[in-house]
There are 2 protein chains.
Amino acid sequence: MTEADLKYLFSPRHVAVVGASHREGKIGYTVMKNIIDSGYNGKVYPVNPKGGEILGKKVYRDILSINGSVDLALIIVPASIAVNAVEECAKKAVKFAIVITSGFSEIGNIDAEREMVKKAREHGMRILGPNVFGLYSASAPINATFGPSKVRPGNIAVISQSGALGIAMIGKTAEENMGLSTIVSIGNKADITEADIMSYVFNDDITKVIFLYIEGLENGRELMELVKKKPDNMKIVAIKAGKSKVGARAVASHTGSLAGSDKIFDAAFKQAGILRAESLEDGFNWVATLAACPKPAGKNVVIITNGGGIGVLAADACEKYGVGLMNDMEVLNKTFGDVIPKFGSYKNPVDLTGQAGGDDYKEALEKALNEEDIHAIIALYCQTDMTPLEPLKNTFREMQRKYGNRKPIIYSLFGGEGTDKIIEELKGDGIPAFYDVEDAVSSLNALYKAHEDGKKEKRESLDIDESRIKKVIENVAGDGRTQLLGTEAKEVMVAVGLDVPPFKVVKNIEHAVNTAEEIGYPVVMKVISEDIVHKTDIGGVLLDIDNEKEVIEGYEAIIRNCRQYAPNANIRGVEIAKMVPDGVETIVGITTDPSFGKVMMFGLGGIYVEVLKDVVFRVAPVSKREISKMVREINSYSLLTGVRGESRKDIDSVIDTIYRIGILADKFPEISELDINPLVVYEKGAKVLDARISIEVKK
Amino acid sequence: MTEADLKYLFSPRHVAVVGASHREGKIGYTVMKNIIDSGYNGKVYPVNPKGGEILGKKVYRDILSINGSVDLALIIVPASIAVNAVEECAKKAVKFAIVITSGFSEIGNIDAEREMVKKAREHGMRILGPNVFGLYSASAPINATFGPSKVRPGNIAVISQSGALGIAMIGKTAEENMGLSTIVSIGNKADITEADIMSYVFNDDITKVIFLYIEGLENGRELMELVKKKPDNMKIVAIKAGKSKVGARAVASHTGSLAGSDKIFDAAFKQAGILRAESLEDGFNWVATLAACPKPAGKNVVIITNGGGIGVLAADACEKYGVGLMNDMEVLNKTFGDVIPKFGSYKNPVDLTGQAGGDDYKEALEKALNEEDIHAIIALYCQTDMTPLEPLKNTFREMQRKYGNRKPIIYSLFGGEGTDKIIEELKGDGIPAFYDVEDAVSSLNALYKAHEDGKKEKRESLDIDESRIKKVIENVAGDGRTQLLGTEAKEVMVAVGLDVPPFKVVKNIEHAVNTAEEIGYPVVMKVISEDIVHKTDIGGVLLDIDNEKEVIEGYEAIIRNCRQYAPNANIRGVEIAKMVPDGVETIVGITTDPSFGKVMMFGLGGIYVEVLKDVVFRVAPVSKREISKMVREINSYSLLTGVRGESRKDIDSVIDTIYRIGILADKFPEISELDINPLVVYEKGAKVLDARISIEVKK
């Protein structure tokens, strides 16, 4: 199904309301009234077996008796007869049915829902719902919902997974003077999905910002793929409810145990370029700002204020959010030197003092807006008794008209009734205005984040020895195991192209001595057995073996220890590996998220991962540029760049390792969990000392 | 000056307005009008040499010609004649003058300000200001400000360091339907200070919550001492503007370099039981909630909602803020089992479903309010078309009337115009109501924080060898040094009662050998010289010396290295100290903050302090209970409780060490900086391996 298919859902030429009601207060009446009040200019056919008239429109006893074509039918009849109603619409060649009626799969009534879709599809009709509040679309225009009748047309599309919240949002957007291109809920998703709706909205030529409310996401990866198709200048703000941690999962890796679904949502949204708001208020503020403001040309923000106090609060908030304040004193002096009264300040925050009125704001704003080196403006106003409010409002409006499409200007007005009224009026004009300075700064920060360079990066092609990996995995699966032996995991690492210190499995003392000499001392010896998990604890691992004598004694000790502590373990031999010097220990991993699929993790090893949980996630596969961002996100990053006199470590090697592991995850989806722990990083290069891999074999 | 002294400032029997104006729009007119409009029932005497009448009141040509006593004079005349006006008021035996006039110390005109206070004091008159907006006091009642005239009386005192923001706050509080006991700014603080105002407000029998806006704090410690005197049931919310980091200071300690003034503000406010809000919006929300709600009897919060979506958002916010959701299914079932309709849920969040109206809310709320095991309620409403709003509002009001003084109930109502109007009305009735669920949860969290057990704890008396410490410090000061030698610092540590491994300074090889044997191997050897800072780097420190031979070689090597790399250094000898086993390295420190004085720091040593900055601060002295909280606040705390199979470390020893260092800081204020680095913590005990102390000798 392509996007174009939904055209007549959003711009129906004629509509029928099946289950239209004569009684005020009924949903079937409200929907009729909203359609008529919204200025819909197609024909509206109420359908009700009782006949008569509703709101001046002739009522048809059934859909088939309507003379003329119908693009969209609203279904509001009881669930028991809804399937029939849908079938009749389909027979009438209606293109879309919005099934407002509830009582289907959401209460276990799955069969009727399937039946309904089947009947519709037989005649090529598509269904939105069931269990939805209807649809508002500015392009028609039509308000075919049973929510509030007042909706402002505009460029924001609201897509809600929750019908209840969706209805409340219609009211809230009107209250906030926010203009909508559409508001729609998906309900039970029997047929049309969020993906269908979003694909349409991406190309509807009206929508500038999408406000998404998500409660659950069965297939997060699909959403990420979908969002890649949005036009660059369209922005998405999402609220994801339900951040509580996932229940305990039985996972064999650190990566798996550290991945709470919410951390992965965060990472995935960031990767997809979706701004995640934590609260409805932030969401509304950000959406309004993104809809109103152009992309800032640079990082230089200027705060213009009439009060020192709120100026400092705004500067504090800028520091908190990482919004960059312009501090080139020469530019500031040149721009504001003449505007500032005695006792004012042209330092940023630029203080016009409590005396400033509309003209002073106008002069300062206009100079700032015309100065190339100033890229965005936060204008603050703290109510005084000196300043009449009307000229101020007119100034702000004028600035928006003249400069609003070239530079972002965000307002915060603090005071009593008069200021709150201005805020409301400015919002109505599509000007971002708030009472709290923090909201203004947080919104400007969202604007910057939304416009962060999201250039798509091509993936390098890499030679990895796929057939060798395949062989290892087949062998493990053939044994009926889900966990690779340490040596098998290392073999996969070699095949991926990573640097693994030389190792070999030996089964007797002589072979051990020869191998150690071949590899070169010092070496590490480790028992190989799928039955012994905590190898170090029982004396199954020996470090720093320096000569033949130590190899012999070590081999005997390992076997003795294992026999004693794990008498029934299947001992496959002893691994002899090259002992490597100390470096910075890191961990690189893969886990499988139920919604997003393969997910990558990176962090520093040991205490950093185990105690401080200082790790970051990304949904795989990840571009090298994204990986380099990911690596910098850990708190302990400076341990890689060199602290306390240590040299800088080879961060490129880390990035390359994560990149290769991402490719592995992509090519071998049967790898469900993986830990490289540790990946030891040196001034030059990084070595895989140990790896653990779990596979999940499809039956 | 005691609190009672300000009685007639807040409850003046009769007032004079010196500089009253006949012209609308002038400050001298607005103040007159506000006083009259506020229902002030004492006499109001306008004073203006022009005479005549203002707003129906006879105008006096000068203050002395008023017949009858005046408690309070508002001074609004130009700065050039204000000193005279003040003097005349003083002569007339006016008790208080509020000098609204500006143009004094804030623009460098310090002499006139001093003169004004001197004249006033000569006659026992006290001054608020100059450079203030006046004063509103509900106890009079009187609105003697030039701000908005509409002020609601109530139980919130607003004290603002900024006049501009103060005026805007008058408007905002009215807009938010917030009731004030007083609103006042301090201006230039020529005479009456915040401390005076707060001391009065602590005992004014009206105020329940103080909302403090602070821009700078010259003496933070004074504020902390003052706040100790507040009644237990009075709460303080503060906004501190200006969080940017202090500029680079030349400090010799880690503790000093890690202390940004804002971190210390955070710590100090927490210690004093002041809630710090980051934004004006949070501040207003919290203050409204603290003013309206009683102390919750326990941690069990129940969310009651009519929409799953906002319920989940609220639960998310509870997790974020650490607000505890009641999850005893038995109690929940018992309480809500009968109330919940089909498809609803009595699990927390309790979902009444979209059908719920006023009666359903009433039943659910009343049951929850009567259930002993439920301690606080967050009631959410998501606007539907099903629920008429009026009964809902009446229910919420009734619940507040019947139960509001026994249990906290906080509302969040999300939707359009109707809901926003209810929020406003509920606020007017002193019911905490917000549109965003996050605001509701954040406010409930503030309520919990405000009522956290603030029991005062007596300080233990401790034996520390003060005379020995005094001798060391005198000796250092006598040398003209500000930095103690390592051995001197260790001697102080011993005198404080801490466990310092045996050490001695030697000046020749023979003495070195004898000392090492006396102390017992292994030992550590370290050069003692104030001229060599990086002793390890130049080979001035040797670890793990095991026998006589190594002592001899070591001694020679140290002397040789120092001669070579620091030929001009004054070498005072070599320290021989007992080498101790590895443990968890921590750092304990003192620094001197310009506003709060002595401040304590604690953290884990090495990378934790240097890279991760994982440290916590408290203003000294600190009680043991507060120290035990402090220690738990570091992110790496679990390294002390034992991770990765390590045993639990002796946290009591850490607490005792910090406590003793706090006493040291208190008794020897000349110690400006101190680092114990590391304090090595064992399963039993903790040892001071190295200490660094700077002193500042008063001249």
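These are my notebook entries on how the two chains relate and where the aromatic rings sit.

**Entry 1: the model.** I'm working from a predicted model, so I keep that in mind throughout.

**Entry 2: the two copies.** I laid chain B on chain A and got an RMSD of 0.1 Å, using a turn of 180° and a shift of 0.0 Å along the axis. That is how a two-fold axis relates two copies. I then looked up the contact residues: 100% of those in chain B recur in chain A, and the same surface serves both copies.

**Entry 3: aromatic pairs.** How many aromatic pairs turn up over all chains? My search of the whole structure found 20. I picked out A:F265 and A:F596, whose ring centres are 5.1 Å apart. Their planes meet at 85°, and over 60 counts as edge-to-face, so that's what I call this pair.

**Entry 4: where that pair sits.** A:F265 belongs to helix α9 (residues 261–272) of chain A, while A:F596 is in the loop between β24 (584–593) and β25 (597–604) of the chain. The pair therefore ties together parts that are 331 residues apart in sequence. Are these two rings buried or exposed? A:F265 has 6% relative accessibility, so it counts as buried. A:F596 is at 1%, so I put it down as buried too.

**Entry 5: a cluster with both chains in it.** I noted one aromatic cluster formed by A:F211 and A:F284 together with B:F414 and B:Y435.

**Entry 6: lysine over a ring.** In chain A, I found A:K490 over the face of A:F503, 4.9 Å from the ring centre. Turning to chain B, I saw the charged end of B:K490 over the ring of B:F503, at 4.9 Å from its centre.

Note on methods. Residues are numbered from 1 along each chain as its sequence is written. Chains are lettered from A and ligands numbered from 1 in the order in which they are written. This is a predicted model: local features need pLDDT of at least 70, side-chain atom pairs count only at pLDDT 80 or more; totals for chains, interfaces and linings use all residues. Side-chain values use heavy atoms; hydrogens and water are left out. Copies are superposed by least squares on the C-alpha atoms of residues with pLDDT of at least 70 in both. Contact means heavy atoms within 4.5 Å. Rings of Phe, Tyr and Trp (its six-membered ring) pair if their centres lie within 6.5 Å; planes under 30 degrees apart count as stacked, over 60 as edge-to-face and the rest as tilted. Helices (H or I, at least four residues) and strands (E, at least two) are DSSP runs, numbered from the N terminus. Buried means under 20% relative accessible area, exposed over 50%, partly exposed in between (1.4 Å probe, protein chains only). A charge sits over a ring if NZ of Lys or CZ of Arg is within 6 Å of the ring centre and within 35 degrees of the ring normal.
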